[in-house]
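This report describes the arrangement of strands and helices in a predicted model. The sheet is treated first, followed by the helices.

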Amino acid sequence: MMKKHRRHNKAVHKSSLKEFLHQPGTPPGTIIIDENAEQPNIVLIDYNRANLVNKKLQQPEDCFQYLDTESVSWVDVQGLGNRDIIQRLGQVFDLHPLVLEDVVNMAERPKVEDYEDQLVIIARMVVPNINNHSFHSEQVSFVLGKYYLLTIQEEPEYDCFQSVRNRIEKGKGIIRRQSADYLAYSLLDAIIDGFFPVLELYGERLEELEEEVIFNPNQHTLQQIYQIRRELLQLRRAIWPQRDAINTLIRDGSELISEEVRIYLRDCYDHTVQVMDMVETYRELASGLMDVYLSAVGNKMNEIMKLLTVVSAIFIPLTFIAGIYGMNFNTEKSPFNMPELNWYWGYPFCLGLMALIAVVLLFIFWRRGWLSNSFHIK
């Protein structure tokens with residue numbers, strides 16, 4: 001059916017988002033299926049200018065009748081929970097065993113690999129997760145042929161391809177008049193554009209945290225800042241190699257990608273650079289919030305220490321007076337042995353003296369401005 005493929009520069013990558021490691025000594029091309037992976041759904045969209053077929057396939061072999069036609073066949077596999085179906089897809093599309101390994105390895109780094117009659121693209125797709133104000137990330141694998149495009153996703157729930165499907169079904173734009181390479185560009189562009197809603201969500205979170213850091217910093221604020229910095233680092237690790245992959249498509253080229261589509265890919269590359277700039281900006285803002293938080297906590301601690309110092313300064317002379325009156329005296333031996341102990345008003349005089357000293361000290365501290373914020377600590 002198709003010629004055997006030629007593998008270029010196969011490398012092992014460690015995931016920045018998930019840990020995925022083969023056991024030492026595992027043969028190349030080994031397919032390891034996650035036990036929690038979704039069962040695959042195979043959806044076919046076959047189209048040209050005049051006709052459109054959109055249906056769910058029961059078996060991978062049902063693709064055969066569409067792959068050799070000049071219409072564009074988009075086979076979208078959603079889910080990787082069935083080893084047999086994945087292997088049969090490999091037979092239908094004549095995929096190299098190492099390609100199948102990359103497809104099921106959800107920790108694969110975004111990249112591009114050129115074969116004789118196929119182009120393999122590994123990308124990372126992110127979708128906003130409104131429930132926990134974060135994002136869902138999954139790997140999407142592309143296998144581009146002359147008249148077909150095979151896409152393999154981790155699961156069917158999170159997807160940013162619906163706009164492309166709508167354009168195909170309604171015939172909007174030029175997608176129905178273009179080849180499979182334009183479809184691949186459209187999906188890559190949808191993946192890159194999917195980063196912007198996620199970054200907008202992080203922009204709102206950073207604004208909320210900025211107010212919280214200034215007016216009410218607490219331990220929960222610190223945890224939120226650390227979480228945002230960690231998630232932004234994950235976004236950076238996802239978009240950085242993706243930019244390099246798109247640049248490879250533009251720079252190196254391929255017989256499967258036309259010059260017209262290569263121009264469109266330049267715009268996709270520009271969007272990738274914008275995403276990277278936004279990620280770096282938000283990372284700097286998060287780092288700045290961390291500095292502001294530490295400064296606010298330090299100022300709060302200084303105010304607390306200031307208040308404690310004022311209280312201590314007031315009670316030091318009072319403690320001194322109380323300590324003197326707590327000594328043992330004998331007025332029969334000398335009139336200098338605390339004669340106030342035998343006064344009728346000695347006790348009220350001692351309390352009044354202490355109160356007067358405290359009031360005078362408070363007045364002095366107030367005039368010097370040392371009490372400006374000490375009694376407003378939250």
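## Sheet and helices

In this predicted model, seven strands form an open sheet with mixed pairing, in the order β2-β1-β3-β7-β6-β5-β4. The edge positions belong to β2 (52–57) and β4 (111–114); each has a single partner strand, so one side of each lacks a neighbour in the sheet. On average, neighbouring strands are turned by 20° against each other, direction ignored.

At the β4 edge, β4 pairs with β5 through four bridges in the antiparallel sense. Within this part of the sheet, V120 of β5 is the bridge partner of E113.

Two helices that contact the sheet are set out below.

| Helix | Strands contacted | Direction |
|---|---|---|
| α3 (residues 97–104) | β4, β5, β6 and β7 (148–153) | about 165° to β6 |
| α7 | β4, β5 and β6 | about 150° to β5 |

Helix α3 thus lies across β4, β5, β6 and β7, while α7 packs on the sheet and touches β4, β5 and β6.

Helix α6 comprises 21 residues (195–215) and spans 31 Å from its first C-alpha to its last, close to the 30 Å expected at 1.5 Å a residue. Its buried residues are F195, V198, L199, L201, Y202, G203, R205, L206, L209 and V213. An α-helix has 3.6 residues a turn, so residues three or four places apart point the same way. The cover over the buried residues of α6 includes the strands β5 (119–129) and β6 (134–144). The helices α5 (180–193), α7 (219–251) and α8 (259–325) also contribute to this cover.

Conventions: Residues are numbered from 1 along each chain as its sequence is written. This is a predicted model: local features need pLDDT of at least 70, side-chain atom pairs count only at pLDDT 80 or more; totals for chains, interfaces and linings use all residues. Side-chain values use heavy atoms; hydrogens and water are left out. Helices (H or I, at least four residues) and strands (E, at least two) are DSSP runs, numbered from the N terminus. The expected span of a helix is 1.5 Å times one less than its number of residues. Buried means under 20% relative accessible area, exposed over 50%, partly exposed in between (1.4 Å probe, protein chains only). Contact means heavy atoms within 4.5 Å. Two strands pair if DSSP finds at least two bridges between them. Axes are lines fitted to C-alpha atoms, for helices over the stretch in contact, and angles run from 0 to 180 degrees between N-to-C directions.
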